[in-house]
Amino acid sequence: MVFDLSQSLPIACYLVRKNTDGRVTARVETISQEALPAGDVLVEVAYSSLNYKDAMACQGHPGVVRTFPHVPGVDCSGTVVESAAKDYRPGDEVLVTGYELGAGRWGGFAEYVRVPAEWIVRLPEGLSLREAMIYGTAGFTAAQCVTAIVARGIAPESGPVLVTGATGGVGSVAVAILGKLGYEVAAVTGKAERHDWLRQLGARTILGRDEVNDTSDRPLLAARWAAAIDTVGGRVLATVLRSMHHRGCVAACGLVAGAELPLTVYPFILRGVTLAGIDSAKCPRPERLAMWQKLAGPWRVERLEELASEATLDDLPDRVERILTGNMVGRTVVVPRTATTG
Ligand SMILES: NC(=O)c1ccc[n+]([C@@H]2O[C@H](COP(=O)([O-])OP(=O)(O)OC[C@H]3O[C@@H](n4cnc5c(N)ncnc54)[C@H](OP(=O)(O)O)[C@@H]3O)[C@@H](O)[C@H]2O)c1
């Protein structure tokens, strides 16, 4: 499609507003393309995805949304329709995750985004626009977590690897990648009905959430895990860190159960445990490109489509509620259309 900038085309988006009484509302609205922020490249969005951070943005969380009105959506894939940057031309298939997208800048829950050229990644060969957003920010983050574990020298024969929040976006992709690479994956979930699904994805054993939520003040617990990917934070992360093998590594990316970390230094100074922090939004470009190559190639999740469900902009209120209450499974691909835009 040719996007005529001389016309003020209406764009459907999911807009978060703060009313004069301080109340935050979010709904589908139509804006003019001229309202999009300045940037080098205009992209027609094919898909975005729903991440935990997007749900926070939809509620106007001050840690994510800087100014109102705001369009959430920390990632998107689509086709370039207008470019002032020499590296991109109309028709190029691209993706964007992180940076300020959907946080400091309007994001992917819209039919179009305008972004700085340096945020753009060309769609890797072997991935469709839809597959790129089945991974989305969550899959990209899972790949960074696995990379941190591998970089610490932890191999499949080192021992079992724990994944918390295993049915969630980051967790499910992490289970699938680790399983594919031959690791013995122990998946932690609060969803009893999803045990078989997790086993098919790549988990060897399943644990309930209470099995990794130690309330004692013991500085160290029995050493169980060679590595772990934690999406949950709080007392769960503290439990996991106290349960690592000597020289184990925990890649920590999330906080769905809390931001605090009640811990002593003993896991670090007696067991040499590494706590690897994962920050996908500001991942340096060379690492970012390498990560997408892995996701499209050697780490490609088989049957990726089975992780996905689809939502339009109209479906977002229900999906946001689901992710914020810990009831989401896998990945939600967002098609930035409405019942009326088709
Ligand atoms: N650092 C980064 O760059 C980065 C990037 C992406 C995401 N994140 C963070 O990673 C976390 C997960 O993101 P996501 O998009 O994967 O979210 P998600 O799809 O909602 O997954 C989170 C999962 O955690 C489990 N869970 C929920 N509430 C819990 C609780 N109170 N206690 C224990 N487990 C709970 C649930 O899985 P089960 O039912 O299977 O237990 C849930 O599905 C979020 O905190 C997000 O902000 C960080």
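**Leu 198, the nonpolar core and the ligand shell**

Leu 198 lies in helix α4, which spans residues 195–201. The model discussed here is predicted, and this leucine makes a convenient way into it. Leu 198 counts as buried because 26 C-beta neighbours fall inside 10 Å, where 20 or more are required. Leaving aside residues up to four places away in sequence, Leu 198 touches Ala 166, Thr 167, Val 175, Ala 187, Thr 189, Ala 203 and Ile 206. Gly 168 is 30 residues from Leu 198 along the chain, and the C-alpha atoms of the two are separated by 11 Å.

One of the contacts of Leu 198, Val 175, leads on to the nonpolar core. With residues up to four places away in sequence again not counted, Val 175 touches Val 163, Ala 166, Val 185, Ala 187, Leu 198, Leu 201, Gly 202 and Ala 203. The largest nonpolar core of the model has 108 residues, and Val 161, Val 163, Ala 174 and Val 175 are those with the most contacts inside it. Helix α2 (residues 129–151) supplies the largest share of this core, 12 residues. At least three residues of the core come from each of domain 1 and domain 2. In soluble globular proteins, nonpolar side chains tend to be buried together.

The domain assignment of the protein chain places residues 10–123 + 304–335 in domain 1 and residues 138–277 in domain 2. Between the C-alpha centres of these two domains there are 29 Å. Where the domains meet, 9 residues of domain 1 are in contact with 10 residues of domain 2. The domain 1 side of this contact is made up of 4 nonpolar, 4 polar and 1 charged residues.

Both domains also take part in the surroundings of the ligand, each giving at least three residues to its shell. In total, 32 residues surround the ligand, with Gly 165, Gly 168, Thr 189, Gly 254 and Gly 326 the closest. Two or more residues of the shell come from each of the elements α1 (52–58), α2 and α3 (169–180). By class, the shell holds 14 nonpolar, 14 polar and 4 charged residues. Thr 189, one of the closest residues to the ligand, is also among the contacts of Leu 198.

Turning to the start of domain 1, strand β1 (residues 10–18) pairs with strand β2 (residues 24–32) in the antiparallel sense over 9 bridges. Within this pair, Arg 17 stands opposite Thr 25 in β2. The hairpin has 5 residues between its strands, and Gly 22 takes a positive phi near 90° there.

Key. Residues numbered from 1 in each chain as written. Predicted model: local features only at pLDDT ≥ 70, side-chain atom pairs only at ≥ 80, totals over all residues. Core = buried A, V, L, I, M, F, W, Y, C linked by C-beta atoms within 7 Å. Buried ≥ 20, exposed ≤ 12 C-beta atoms within 10 Å, placed from the backbone. Helix = DSSP H or I, 4+ residues; strand = E, 2+ residues; numbered from the N terminus. Domains from an automatic or database assignment. Contact = placed C-beta atoms within 7 Å. Nonpolar A, V, L, I, M, F, W, Y, C, P; charged D, E, K, R; others polar. Pairing = 2+ DSSP bridges. Near = placed C-beta within 6 Å.
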